[in-house]
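Please open the structure in a viewer that lets you select residues by number. The tour below goes stop by stop, saying what to select and what is there.

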Amino acid sequence: MARITASVYTSHVPAIGAALDLGKTAEPYWQPLFKGYETSQQWLKDNQPDVIFLVYNDHATAFSLDLIPTFAIGTAASYQPADEGWGPRPVPTVIGHPELASHIAHSVIQDDFDLTIVNKMDVDHGLTVPLSLMCGQPQAWPCPVIPFAVNVVQYPVPSGRRCFNLGRAIRKAVQSFDADLKVQIWGTGGMSHQLQGPRAGLINRAWDNRFLDRLISEPEQLAQVPHIDYVREAGSEGIELVMWLIARGAMSDSAPVVKHRFYHVPASNTAVGHLILENT
Ligand code: DHB
Ligand code: FE
């Protein structure tokens, strides 16, 4: 049977992708950020999954205000890096896992979650920057990836509680797939950031670190936090953090092992947070 072995949480700031693609990782501004992911890249090499289930949000790239799925699962064989206005990032094509993705769609929809099934889409920085942070600049990504897009851009967005419960349904779906696969689930976005308006540049270190603490030790209670708290405390784009609760909900109910924790400010206008949790 397939099983979820670990979860990875990371911000997905587009400027990080540009820093990598333009060879700027050793510059004083970026060096401390990339240093924080050296452990993570080694951990991923030592703990190779067969599939990554990658929870992220599309930033009006594949979807627009014409069509706003709350939850969308990629069932395609492959996905191209999107052109977000500067040309597509020079990163490998993302290879999908249609069989596992279709199985998860079937199981989760039967479990009362409405998913949009996506057979063709391009993937933006929300998905490619976490892969770059965790894998560096390989010729090919190390394994197939199932993209799972969440609407955190246009209200109404899903609650943390719903995201956490969806994670549980994803865990059940993975565990009922009849192949011996090690699956990692990654939650991306956040941490505190606000990109526009009078509060642009808002960073809240104390709130971010408390979020990391609670994500580790009391995720179910953390899932009760209402949207307004995210927006007030972590900025309008801090709401991306609800996606981390999907990954956390997919972990087993017993306490996880914290393999890595990292927090860094600044990266562009954003606080970067990162966790690696293993199931015991
Ligand atoms: C920025 C965009 C994002 O999607 C994000 O999560 C963080 C930062 C930005 O444009 O700087
Ligand atoms: Fe984002």
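A residue counts as exposed when its relative accessible area is over 50%, as buried when that area is under 20%, and as partly exposed in between. Keep in mind throughout that this is a predicted model.

**Stop 1: alanine 60**

Select alanine 60, in the loop between strand 2 and strand 3. Is alanine 60 buried or exposed? Its relative accessibility is 57%, so alanine 60 counts as exposed. Now look at the backbone: phi of alanine 60 is near 55 degrees, a positive value in a residue other than glycine.

**Stop 2: the iron ion**

Next select the iron ion, which is ligand 2. Which residues coordinate the iron ion (ligand 2)? The donors are His12 through NE2, His59 through NE2 and Glu240 through OE, at 2.0 to 2.2 Å. Along the sequence these donor residues follow the spacing H-x46-H-x180-E. Histidine 12 sits in the loop between strand 1 (3-10) and helix 1 (14-21), while histidine 59 sits in the loop between strand 2 (51-56) and strand 3 (71-74); the pair therefore ties together parts that are 47 residues apart in sequence.

Colour the two histidines by accessibility. Histidine 12 is buried, because its relative accessible area is 3%. Histidine 59, with a relative accessible area of 24%, is partly exposed.

**Stop 3: ligand 1**

Keep His12, His59 and Glu240 selected and add ligand 1, since these three are among the residues around ligand 1. The others to add are Val13, Pro14, His125, His193, Leu195, Ser268 and Thr270.

Then display distances from the oxygen atoms of ligand 1. One oxygen atom lies 2.9 Å from a polar side-chain atom of histidine 12. At histidine 193, a side-chain N or O atom is 3.0 Å from an oxygen atom of ligand 1. At serine 268, the corresponding distance from a side-chain N or O atom to an oxygen atom of ligand 1 is 3.1 Å. On its own, ligand 1 has 290 Å² of accessible area, and the protein covers 85% of it. If you draw surfaces, the space taken by ligand 1 is the largest pocket.

**Stop 4: two cis peptide bonds**

Go to the loop between strand 7 (145-150) and helix 6 (160-175), where proline 156 lies. The peptide bond leading from tyrosine 155 to proline 156 is cis, with omega near 5 degrees.

Now move to the loop between strand 8 (182-188) and helix 7 (205-217), and select methionine 191 there. The bond from glycine 190 to methionine 191 is also a cis peptide bond, with omega near -10 degrees.

**Stop 5: isoleucine 185**

Step back into strand 8 and select isoleucine 185. Its relative accessibility is 0%, so isoleucine 185 counts as buried. Add cysteine 135 and draw a line from C-alpha to C-alpha: the two residues are 15 Å apart in space and 50 residues apart in sequence.

**Stop 6: aspartate 112**

The tour ends in the loop between helix 4 (98-110) and strand 6 (116-118), where you select aspartate 112. What is the phi of aspartate 112? Phi is positive, about 80 degrees, although aspartate 112 is not a glycine. With a relative accessible area of 61%, aspartate 112 is exposed.

Key
Residues numbered from 1 in each chain as written. Chains lettered and ligands numbered in written order. Predicted model: local features only at pLDDT ≥ 70, side-chain atom pairs only at ≥ 80, totals over all residues. Heavy atoms only, no water. Donors = N, O, S within 2.8 Å, 3.2 Å for Na, K, Ca; no water. Helix = DSSP H or I, 4+ residues; strand = E, 2+ residues; numbered from the N terminus. Buried < 20%, exposed > 50% of the residue type's maximum accessible area, 1.4 Å probe, protein only. Near = heavy atom within 4 Å. Polar contact = N/O pair within 3.5 Å; in protein donor to acceptor, adjacent residues only side chain to side chain. Areas by Shrake-Rupley, 256 points an atom, 1.4 Å probe, with all protein chains shown as cover. 1 Å grid on protein atoms, 1.4 Å probe; cavity = no way out; pocket = protein on both sides within 12 Å on 5 of 7 lines; lining within 4 Å. Sits in = over half its atoms within 2 Å of the grid points.
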